[in-house]
Amino acid sequence: MCLSSHRHRDSFSIYSSSNRTMGILGHPSITPIGRLTHPSIRRYSYDRKALVLIDYDQYALDVDEAERTQYDRWNFAYRFSSWYHLSEDLTGETLLKLVGLIRRNSFHLKRFFLLRHQADQAQLTTHGIIRTLCALTLVHFDELLSCTRFSEKNDVFLPNLTLTNSRQTNVFLHEQSLERTRFSRHIITVLSIVFMIVVFTLYRHRS
């Protein structure tokens, strides 16, 4: 897995050779270019022994809101696994499977482009969508051009997407609600275990 920050954009791509598949994760940075994404920070979880990425949580700063309130509030934006409804570790092979889902499934397609245009209202045409999807697995420009022309010539159906602030806000608020629910359940579980330990200790002490 390669962690890349050069493009300052929330996206990913796949580089495949004859015997290896490498995922490239693009990071939206604290200083994003233009208004495509919000200033963002990621927290990765990984297996210390296998050195394999497990998941990541992303936090974002709404610049417009910060300017209006004069207060910098970093909010939980999304978790990779729950955003794409994936349960596997974050590997190149997982990203390759995700590319297939994005190309075939409208749910994953919309979620992918919502991350690429977090802070931007955009009207994405079929041509732009096809070109972006081809770029997920192709490095050289001539291959990208051939893939785009081939897909358009064969009438690959992809709906035009309209990304608005309201849609983005609703989706991210839903993710934040899920995260609060998970956190609440975790706290309840921990408190329940502590309570049971205390009760068991008191019972043994009395007996």
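These legends walk through a handful of close-up views of a predicted model.

**View 1. Helix α6 from end to end.** Let's start with helix α6, which runs over residues 141–153. Its 13 residues should span 18 Å at 1.5 Å a residue, and the C-alpha atoms at its two ends are indeed 18 Å apart, so the expected and modelled values agree.

**View 2. The two faces of helix α6.** Which residues of α6 are buried? They are Leu144, Thr148 and Ser151. Looking down the axis of α6, these buried residues fall within an arc of 70°, so they line one face of the helix. An α-helix has 3.6 residues a turn, so residues three or four places apart point the same way. What do the buried residues of α6 pack against? Their partner is α5, residues 126–135. Turn to the face of α6 that points away from the buried side, and you meet the exposed residues Asp142, Arg149, Phe150 and Lys153.

**View 3. A disulfide between helices α5 and α6.** How many disulfides does the count come to? The answer is one. Here Cys134 is joined to Cys147, with 2.1 Å from S to S. Cys134 belongs to helix α5 and Cys147 to helix α6, so to speak a bridge between distant parts of the chain, 13 residues apart. A disulfide is a covalent bond between the sulfur atoms of two cysteines. The link of Cys134 and Cys147 is left-handed, with -75° about the S-S bond. Is Cys134 buried or exposed? Cys134 has 3% relative accessibility, so this residue counts as buried. Cys147, on the other hand, is partly exposed, with a relative accessible area of 22%.

**View 4. Cys2, another cysteine to look at.** Cys2 has a relative accessible area of 29%, so this residue is partly exposed.

**View 5. Gly92 and its neighbours.** Gly92 sits in helix α3, which covers residues 92–104. With a relative accessible area of 7%, Gly92 is buried. Which residues does Gly92 touch, leaving aside those up to four places away in sequence? The contacts are Met1, Ile14, Thr21, Met22 and Gly23. Have a look at Ile24 too: Gly92 and Ile24 are 68 residues apart along the chain, yet their C-alpha atoms are separated by 7.8 Å.

**View 6. Tyr56 and Phe80, a tilted ring pair.** A search of the whole structure turns up eight aromatic pairs. One of them is Tyr56 with Phe80, a tilted pair with 5.5 Å from centre to centre and 40° between the planes. Tyr56 is in strand β5 (residues 52–61) and Phe80 in helix α2 (residues 80–83), so the pair ties together parts that are 24 residues apart in sequence. Tyr56 is buried, with a relative accessible area of 3%. Phe80 counts as buried too, at 3% relative accessibility.

**View 7. Tyr78 and Trp83, and the cluster around them.** The ring centres of Tyr78 and Trp83 are 5.3 Å apart and their planes meet at 50°, so this pair is tilted. Are Tyr78 and Trp83 buried or exposed? Both Tyr78 and Trp83 are buried. Step back a little and you can trace a cluster: ring pairs link Tyr44, Tyr56, Tyr78, Phe80, Trp83 and Tyr84.

**View 8. Arginines over aromatic rings.** Two rings of that cluster come with an arginine. The charged end of Arg42 sits over the ring of Tyr56, 4.1 Å from the ring's centre. Over at Trp83, Arg111 lies above the ring face, at 4.3 Å from the ring centre.

**View 9. Loop residues with a positive phi.** Most residues other than glycine have a negative phi, and most peptide bonds are trans. Leu51 is not a glycine, yet has a positive phi of about 55°. Where is Leu51 found? Look in the loop between β4 (40–47) and β5. Leu51 is exposed, with a relative accessible area of 67%. Gln70, also a residue other than glycine, has a positive phi near 60°. Gln70 lies in the loop between α1 (63–69) and β6 (74–79). With a relative accessible area of 64%, Gln70 is exposed.

Terms used: Residues numbered from 1 in each chain as written. Predicted model: local features only at pLDDT ≥ 70, side-chain atom pairs only at ≥ 80, totals over all residues. Heavy atoms only, no water. Helix = DSSP H or I, 4+ residues; strand = E, 2+ residues; numbered from the N terminus. Expected span 1.5 Å × (residues − 1). Buried < 20%, exposed > 50% of the residue type's maximum accessible area, 1.4 Å probe, protein only. Arc of directions from axis to C-beta. Contact = heavy atoms within 4.5 Å. Disulfide = S-S within 2.5 Å. Phe/Tyr/Trp six-rings, centres within 6.5 Å; stacked < 30°, edge-to-face > 60°. Lys NZ or Arg CZ within 6 Å of the ring centre and 35° of its normal.
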